[in-house]
Amino acid sequence: MTRLWLGMSERQRALVGIVFVLLVFAPLVADRYLISVLTLILYFAYVGQAWNLMMGYAGQLSLGHALYVGLGAYVAALLWVDFGVGPWLGVFVAVLVAASFGAFIGWLGFRFGVEGVYFALLTIAFAEFTRIAFDHLGFAGGSGGLFIPYQEQRLGEWWNLRGGQILFYYVALLLAVSAVLLVARLTRSRLGYYWVAVREDEAAARALGINAFRAKMTAVIISSGMTAVGGVFYAFYYNNLFPAQIFDISRSIEIILAPIVGGLGTVFGPVVGAFILTPLGESLITLTEKLGINVPGVKAVFYGAILMLIIFLRPSGVWPWLARILGVWERRP
Amino acid sequence: MMWSIYLNVVVQGVLTGLVYGLMALGLSVIFGVVRVVNFAHGEFAVVAMYAAFVLFKTAGLDPLLSLLPIAAIFFIGGFLLQTVLINAFIGRPEHDQFILLVGVAIIIVNVLLMTFGPDAQPTNLSYAFDSYSIGPLFVDKVRIYSAVAALAIASGLFAFFRYTRVGIAIRACADNLVGAAVVGLNVKRLYAVTFGLGLACVGAAGALMVTIADATPSLGPAYTLLAFVIVIVGGLGSMTGALVGGVLIGVSEALAGFLIEPSMKSMFSFALLIAVLVLRPQGLMGRRA
């Protein structure tokens, strides 16, 4: 970690430092609404970062990351509701389950040469399959949903993720910061260079003696495990889980928008993307309400249009462009 | 007489599957030539469903007739969409194209939601509940008509690609892009024609779909996934594959809905998709690349 910090230029340190301090002290000045938006931003920065690791660095397109969010959420919630096992312990089981699913999908895909769009469809297929399966799993509540009961006497148990808004804000901040640190660290490691080599030209990487299969497998396993942690957060933040919501393909798309808009394969891209898209969605809600347009769907139409505009104007994402303006850009693999 | 029930279910699945197949054919043609995955495919189908619905309610036009003008308008729409928007994204990474079409899909679904609301809109054709009885078989009239129409349109498209100069030129683009450009084909224009044809298929399929399902905006993403499943099972880029895949998925849905539970029917389609991707990635009718 100190190596990462020392490796940065003055400007980069200043920028990272300012943003971090602002986020740490935000709850002192922000109202409830702002905190909830910031929590959402940090959550998307976190899961986006997990996806970015797999797509942006290892080059494997997954359109089914909602699967890992959902599995993480359901495993931790079921352990808590049925067995009283707290999320501080349940998160390990959740990660294990999601990572095994990730490993299985990755193994199927990479062993049998399912690549690119086909691999993406394989991930969608698994997510959809699991969604319908959970709709019919009686012990998990089925399509009627799974609810984490509200228990007043447990409210202070922060280790069990029972608490108020501020608790979840700091948990989300912790997750997002750790994800940035982890990705920054990994991409400067041997494994990170393997990933980039495989992403750029798998045949050439193999010729250099890189075990491409193993590199891709580690990417999927780390990414799915990380995403499951986001799922645990989701479960205890919202306290209700519905298969039709959490496993839905639109959830998978939601996860990948921030890193693509922010800049794939960059450490800060997912964070920047989340800081653009979530407030954009929120302000569109406020704007349409102010204008007195109460038709459902208006917000989403603007959202779709702006999304197309961003990807049209900034093909490699907003962050590389923004970083150049701020004078903090450096070409990293 | 258990077997006759199964027979009925299977026949119904085959007929529905042919309409599914026509829809998936559009996706297959677009991917096979333009190499862009149309993530807004099902959404376009739902637009066509609403178009047929409106034409029926206002002008009393039967969906079996209105599919022609709808397909024509969809052709023009697809041509323009490719020319204005998608051609700029040719050669860009898959995820960029993906975001672009997801944007299109989001806009379509929500404009439909704003215009028609979230409730399902039944078309109520006068002959919707008529059926033919052939021996032990009872077949819905609408399903027969739709299946025949779907087959006719698909054969028209086959003939177009086989015998017309434009069709052959498009196939040349699909087979060897550089070669096609070298002999002087206007690739971007042909891409636009292809996207137009793809959408015309969806338009016609959507109009036919109205006779067997009620239009609602949320069908969009479901149909997109359905089209993907069919095309991958049949073989991406293979035209007969799309129809065969459609029939297969139609039958599997009908059987699963009958034997197990209607809400679990697409689970079997996804299981089939996973099996095909792993065991025969090129699809049942596809050639190995």
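How many residues does the contact take from chain A and from chain B? It takes 37 residues from chain A and 30 residues from chain B, where two residues are in contact if their C-beta atoms, placed from the backbone, lie within 7 Å.

A word on the model first. This is a predicted model, in which local features need pLDDT of at least 70, side-chain atom pairs count only at pLDDT 80 or more, and totals for chains, interfaces and linings use all residues. Residues are numbered from 1 along each chain as its sequence is written, while chains are lettered from A and ligands numbered from 1 in the order in which they are written.

Let's look at chain A's side of the contact. The elements that give two or more residues to it are α6 (116-135), α12 (249-262) and α14 (298-313) of chain A; helices (H or I, at least four residues) and strands (E, at least two) are DSSP runs, numbered from the N terminus. With 13 residues, α6(A) gives the most. By class, this side has 29 nonpolar, 6 polar and 2 charged residues. Here Ala, Val, Leu, Ile, Met, Phe, Trp, Tyr, Cys and Pro count as nonpolar, Asp, Glu, Lys and Arg as charged, and the others, Gly among them, as polar.

Now take α14(A) by itself. Its buried residues include A:Val298, A:Tyr303 and A:Ile311; buried means that 20 or more other C-beta atoms lie within 10 Å of a residue's own, exposed means 12 or fewer, and partly exposed is in between, with C-beta atoms placed from the backbone. Among the elements that cover the buried residues of α14(A) are α12 of chain A and α4 (94-116) of chain B.

Inside chain B, the axes of α5 (residues 141-163) and α8 (residues 187-209) come within 10 Å and cross at roughly 170°. α5(B) and α8(B) are therefore roughly antiparallel to each other (angles over 145 degrees count as such). The residues of their contact divide into 9 nonpolar, 1 polar and no charged. B:Ala149 and B:Ile153 are among those from α5(B), and B:Leu197 and B:Ala204 among those from α8(B).

Finally, here are two residues with unusual backbones. Most residues other than glycine have a negative phi, but the residues in this table have a positive one.

| Residue | Phi | Loop | C-beta neighbours inside 10 Å |
|---|---|---|---|
| A:Asn239 | about 65° | between α10 (212-238) and β2 (240-241) of chain A | 14, partly exposed |
| B:Arg35 | near 65° | between α1 (2-34) and α2 (41-59) of chain B | 17, partly exposed |

How values were computed. Axes fitted to C-alpha atoms, helices over the stretch in contact; angles between N-to-C directions. Parallel < 35°, antiparallel > 145°, perpendicular 65-115°, else oblique.
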